[in-house]
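Reader: I should like to go through this model by means of a few specific questions. Please show the sequence and structure before we begin.

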Amino acid sequence: MKKDKLKPMLFSVMKTYDGKKFVTDVISGIIVAIIALPLSIALALASGVGPEQGIYTAIVAGFIISFLGGSRVQIAGPTAAFATIVAGIVAKNGMGGLALATVLAGILLIVMGLLRLGSLIRFIPYTITTGFTAGIAVTILVGQIKDFLGLTYPAGTVTIETMEKMEAIVKNISTINVQALIVGVVCLAILIVWPYISEKIPGSLIAVIVGIVMVKFLKMNVNTIGDLYTISNKLPGFTMPDFSLGMIKNIAPDAVTIAILAAIESLLSCVVADGMINSHHRSNMELIAQGAGNIGSALFGGIPATGAIARTAANIKNGGRTPVAGMVHSVILILVLVLLMPYAALIPMPTIAAILFMVAYNMCQWRTFVHLCKTAPLSDIVVLVVTFVLTVVFDLVVAIEVGMIMACVLFMKRMSDESVVSGWKYYDPEDDPDGMELKEIPKQVRIYEISGPMFFGDADRLAGVHFKDFTKVIIFRMRGVPALDASAMHAMEQLYERCKAADVQMVFSHVNEQPMKTMEKSGFVEKVGRDNFRKHIDDAIEWASQM
C-alpha cells in the first residue's frame, strides 16, 4: 500500500497550475462563499454563539485547512455536527472554555496526523456514525422549533439539553407567534422548491432575502438576529484562552469528542469528494490541517470546524479542483464580513430556523437508518438505535463512548461464536460406507480441529479438550486460526501442563504465521518441541503414529 504523504495537496497541484484553473477556482470560491454565508450564521446561532463567530470560523479555519489540507477540494467551516456540543460547552464554560476545548482538540488532531492514524477512523462502525449523525439532526431540529414557531419562554427557563428544550416547547406552545410561523413556512417552502428552479443560486440566500422583505416591508412582529444579538463587522482579533490545569481537566472530554468528530467528518467528506473527482486524499495531512485550522479558529474567536460535505460538493460542481477555491471562499467571506455583516441584523429568526431544518433533514440519513434497521444483524441494529437515542437524550460524548463499547463487545461475541475447538469423529470402516476414504488414525492418537481467532473471549474453549486413558498423542490442526492472543496462549500453556501430567504429547499441524510467532515468543514452541510442529495434517498423523 502506498504510504500517505505528509505534504499539503496545494504544494502538489501548484506544479501544474495555470490561469485557466485559477479562473474556475475563483468562480467556484465565490459561489461557495455565497452558500457558506447564511449557513455559517445559522450554525453559529444554533451553537449558542454570535453570528460573526460562524463567519470567523469559515474565514480562519477555511483558509488554513485549504492551505494545509490533504484534499484537492475540501471546503471547511462550521458544521451541524458540532452545534449541540458547542452549545453545551458555551452554556457550561463560556467562550473561554470553548476556545480551550477547540485548541486541545486541534492539538490532538495534529498528533493523530503525525502518528499516521488517519486510516484508523475506518474502525469506527458505520452504525455508530449513522446513529449519532441522525441524533444530531434531531437535536438541531428540536433546537429550532422555538424560533420557527416564535415561542416565548418565561425568564429563567433552562434549555441546554435536548429534553429540556422539548419540555419547554410543550409547556409554552400556547405562546406561538402566527406571523413568525408564516415567515418560517414560506422560507422553508422556498428551500424545498428552489433547487428545482435553479442550482446556480443557493436557496438559502433566496430564503434570507424573502424573509427580510416580508418582515421589513409587511411590518411583521417577528424577531430578527438584530433583536437578539449584537452584530459586529470587525475582523477577528487574537485571543489566548485560559490554560489553567483545572479548566483543562474539566474540558478534556469535550476536546476529545471534538477531535474525534472532526476527524470522522472531515475524512468522510474527503472520501465523498474523492469519488466525485476520481482522486485520492492524504488522510494524515488532512488531520494535521484540521488540527491547525481548529487552533487558528479558536485563537481568532471562532468555533470548531471540519470539512463540510455539502459545501465541498458545491465546490466540485462549480468547477473547483484545487485548494485555491477554498482559500478564495475565505477571502470573499472577509469582504462580506466587513461590508455586508450589519445587514445580517435584518434576517428573521424563523428564516434561520428553516435553513437549519433543511440542514437537519439533509444530514439525518433517514433512508440509510431505516435500511439498516431492516437489513442489518440484530447486534448492529441495537448499536445504531442506542447511539441515536443516547445522542438525543444525553449527548454525543456518552453516545460515542457507549456505542463503541457495545460495538466492541458485540464484535468479540460474534468472533467468539465463530471460534470452534472440535474433535475428529472416529468411524469403524465396517460400519461407515466411506470408510476407505478416511485417514488411518491410531487409537492412541486424538485430533482436534481449531478454527477462528483464538482470543480472550473464547480462550476457555481449550478447557473442553479431553483425552482417554489410552491417549498418547493429541494433534491440534490450526489451519483455521488466523490469530492467537496472550489469553489464548495462557490457556494453551495450561492445556500443555494437563497433557504433560497425563503423559500425553501435543503435536501441532499447519500453525499460521501470527500464532506461530506468539508461540515462539512465549517459549511454548521450545516446551513442546519444534519437531512436534508439522506443516500438514498427514505429516502430523504420520509423526504421531511413529510415536
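**Packing, cores and strand pairing**

Author: In this predicted model, the buried residues of helix 6 pack against helix 5 (126-149) and helix 16 (378-393).

Reader: Which residues of helix 6 are buried, and how are they placed around the helix?

Author: Helix 6 covers residues 162-171, and its buried residues are Thr162, Lys165, Ala168 and Ile169. Viewed down the axis of helix 6, these buried residues fall within an arc of 120°, so they line one face. In an α-helix there are 3.6 residues a turn, so residues three or four places apart point the same way. The buried residues Thr162, Lys165, Ala168 and Ile169 of helix 6 therefore line one face of the helix.

Reader: Which exposed residues does helix 6 carry on the face turned away from its buried side?

Author: Exposed here means a relative accessible area over 50%. On the face of helix 6 turned away from the buried side, the exposed residues are Val170 and Lys171.

Reader: Is Thr139 buried or exposed, and what is its relative accessible area?

Author: Thr139 is situated in helix 5. Not counting residues up to four places away in sequence, Thr139 touches Thr84, Thr162, Thr391 and Val392. The cut-off for a buried residue is under 20% relative accessible area. Thr139 is buried, and its value is 4%.

Reader: How many residues does the largest nonpolar core have, and how many does the second, separate core have?

Author: In the largest nonpolar core, the residues with the most contacts inside it are Ile41, Phe132, Ile140, Ile347 and Ile352. Ile352 is in contact with Ile41, Ala42, Leu45, Ile225 and Ile347, leaving aside neighbours within four places in sequence. A second, separate core includes Ala459, Ile474, Val511 and Phe524. The largest core has 96 residues, and the second has 29 residues.

Reader: Thr24 is partly exposed; which residue offers a backbone oxygen to a polar atom of its side chain, and at what distance?

Author: Thr24 is found in helix 2 (residues 19-46), and its relative accessible area is 30%. Leaving aside neighbours within four places in sequence, Thr24 is in contact with Asn318 and Gly319. The backbone oxygen that lies by a polar atom of the Thr24 side chain is that of Lys21, at 2.8 Å.

Reader: In which sense does strand 4 pair with strand 3, and in which with strand 5?

Author: Six of the seven residues of strand 4 (residues 445-451) are buried. Val420 stands opposite Ser451 in strand 4, while Tyr448 stands opposite Phe476 in strand 5. Strand 4 pairs with strand 3 (residues 420-423) over four bridges in the antiparallel sense, and with strand 5 (residues 473-480) over six bridges in the parallel sense.

Conventions:
Residues numbered from 1 in each chain as written. Predicted model: local features only at pLDDT ≥ 70, side-chain atom pairs only at ≥ 80, totals over all residues. Heavy atoms only, no water. Buried < 20%, exposed > 50% of the residue type's maximum accessible area, 1.4 Å probe, protein only. Helix = DSSP H or I, 4+ residues; strand = E, 2+ residues; numbered from the N terminus. Arc of directions from axis to C-beta. Contact = heavy atoms within 4.5 Å. Core = buried A, V, L, I, M, F, W, Y, C linked by side-chain atoms within 4.5 Å. Polar contact = N/O pair within 3.5 Å; in protein donor to acceptor, adjacent residues only side chain to side chain. Pairing = 2+ DSSP bridges.
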